[in-house]
Amino acid sequence: MKNVRHIFFDLDNTLWDHRKNAYLTIKELFKNQKISEKYKIDFEEFHSTYHIINERLWEQIRDGEIDKEYLRNHRFYDTFLNFGVDDANLADYFEHHFLDEILKYNELVDGALDLLNYLKDKNYKMHIISNGFQEVTERKCILSGIADFFETITSADSVNIRKPRPEIFEYSLNLAKAEKNESILIGDDWIADVKGAQNFGIDIIFFDVLDENPLEEGLKFVKHLSEIKQYL
């Protein structure tokens with residue numbers, strides 16, 4: 001791909017392993033609050049329910065149906081409610097401590113650091129474009145040791161617009177002083193990343209971490225980050 005000079009990465013679950021870090025964080029909070037003992041709730045069932053609820057709420061944020069305050073007020077509350085526990089204070093404890101404690105865990109997706117070093121050695125200019133909260137996006141990059149790889153970091157909160165809307169791509173490319181024909185996005189979300197990039201008019205490599213096995217003709221997709229080296 002001779003024309004590509006700028007590589008835009010999604011962050012969560014593309015480079016920074018949000019699923020693993022969230023699991024470890026919630027498990028710690030669950031243990032600290034003795035949830036199993038008090039409410040006879042199995043942690044794995046709790047986490048599975050939380051994951052489904054959280055993913056659905058993030059889809060609603062992406063689609064403009066709710067805001068981040070609604071997500072923060074409901075993801076743990078609705079999870080506990082599913083197990084018959086109607087306790088707003090307990091849910092609030094989990095929410096506020098989750099956002100701080102998750103940054104203690106900074107596992108990267110397998111192969112992320114190796115790929116970033118590979119691309120750096122090839123002199124690509126790298127950037128982040130994330131739908132995450134502004135207040136944690138940069139800290140995730142710093143605490144996981146990958147911040148120095150990136151020339152710019154764009155989070156949705158900084159422009160109040162989320163992928164897949166074209167405005168956030170426009171903002172991020174302008175910040176990077178990049179042209180569409182020399183840019184490519186790497187991300188794991190079919191709607192936010194793949195369709196967002198395609199509709200905006202930049203190339204995309206889909207990180208198919210959930211084995212969705214897309215059938216779209218001509219789409220570049222990988223199952224492991226190391227496979228990106230065949231394209232760049």
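Me: How do the residues of the lining of the largest cavity divide into nonpolar, polar and charged?

Reply: In this predicted model, the lining of the largest cavity has two nonpolar, five polar and two charged residues.

Me: Which residues are they?

Reply: The lining consists of Asn13, His18, Arg19, Ala22, His47, Tyr50, His51, Asn54 and Glu55.

Me: Which helix gives the most to that lining?

Reply: Helix 3 does, with five residues. Helix 1 (18-32) and helix 3 (43-62) each supply at least two residues.

Me: How much space lies in the largest cavity, and how many cavities of 30 Å³ or more does a search of the whole structure find?

Reply: The largest cavity holds about 80 Å³ of space. The search finds one cavity of 30 Å³ or more.

Me: Turning to pockets, what is the volume of the largest pocket?

Reply: Its volume is about 680 Å³. The pocket is lined by 31 residues, of which Asp12, Asn13, Glu55, Trp58 and Asp189 are the closest to its centre.

Me: Which helices each supply at least two residues of that lining?

Reply: Helix 1, helix 3, helix 5 (88-101), helix 7 (134-143) and helix 10 each do so. The largest share, six residues, comes from helix 3.

Me: And how does the lining of the largest pocket divide?

Reply: It comprises eleven nonpolar, six polar and 14 charged residues.

Me: What about the second largest pocket: how much space lies in it, and which residues line it?

Reply: About 210 Å³ of space lies there. Among the lining residues are Ile61, Arg62, Asp63, Asp67, Lys68, Asp157, Arg162 and Arg165. By class, the lining of the second largest pocket has three nonpolar, two polar and seven charged residues.

Me: Now the sheet. What is the order of its strands?

Reply: The order is 3-2-1-4-5-6, in an open sheet of six strands with parallel pairing. Strand 3 (150-155) and strand 6 (220-222) each have a single partner strand, so one side of each is left without a neighbour in the sheet. On average, neighbouring strands are turned by 20° against each other, direction ignored.

Me: Which helix packs on strand 1, strand 2 and strand 3?

Reply: Helix 6 (residues 112-121) touches those strands, and its direction makes about 160° with that of strand 1.

Me: How many bridges pair strand 1 and strand 2?

Reply: Strand 1 (residues 6-9) pairs with strand 2 (residues 125-130) over four bridges, in the parallel sense. Within this pairing, Phe8 has His127 as its bridge partner in strand 2.

Me: Which strands does helix 10 lie across?

Reply: Helix 10 (residues 190-200) lies across strand 4 (183-187) and strand 5 (203-207), running at about 160° to strand 5.

Me: A backbone matter: which residues does the cis peptide bond join?

Reply: The cis bond joins Lys163 and Pro164, with omega about 20°. Pro164 sits in the loop between helix 8 (156-159) and helix 9 (166-176).

Me: What is phi of Lys40, and where is the residue placed?

Reply: Phi of Lys40 is near 55°, a positive value in a residue other than glycine. Lys40 is placed in the loop between helix 2 (35-39) and helix 3.

Me: Is Lys40 buried or exposed?

Reply: Lys40 is exposed, because its relative accessible area of 70% is over the 50% cut-off.

Me: And what of Lys177: what is its phi?

Reply: Lys177 also has a positive phi, near 55°. This lysine is found in the loop between helix 9 and strand 4, and counts as exposed at 71% relative accessibility.

Notes
Residues numbered from 1 in each chain as written. Predicted model: local features only at pLDDT ≥ 70, side-chain atom pairs only at ≥ 80, totals over all residues. Heavy atoms only, no water. Pairing = 2+ DSSP bridges. Axes fitted to C-alpha atoms, helices over the stretch in contact; angles between N-to-C directions. Contact = heavy atoms within 4.5 Å. 1 Å grid on protein atoms, 1.4 Å probe; cavity = no way out; pocket = protein on both sides within 12 Å on 5 of 7 lines; lining within 4 Å. Points joined across faces, edges and corners; volume = space filled by probe spheres on them. Nonpolar A, V, L, I, M, F, W, Y, C, P; charged D, E, K, R; others polar. Buried < 20%, exposed > 50% of the residue type's maximum accessible area, 1.4 Å probe, protein only.
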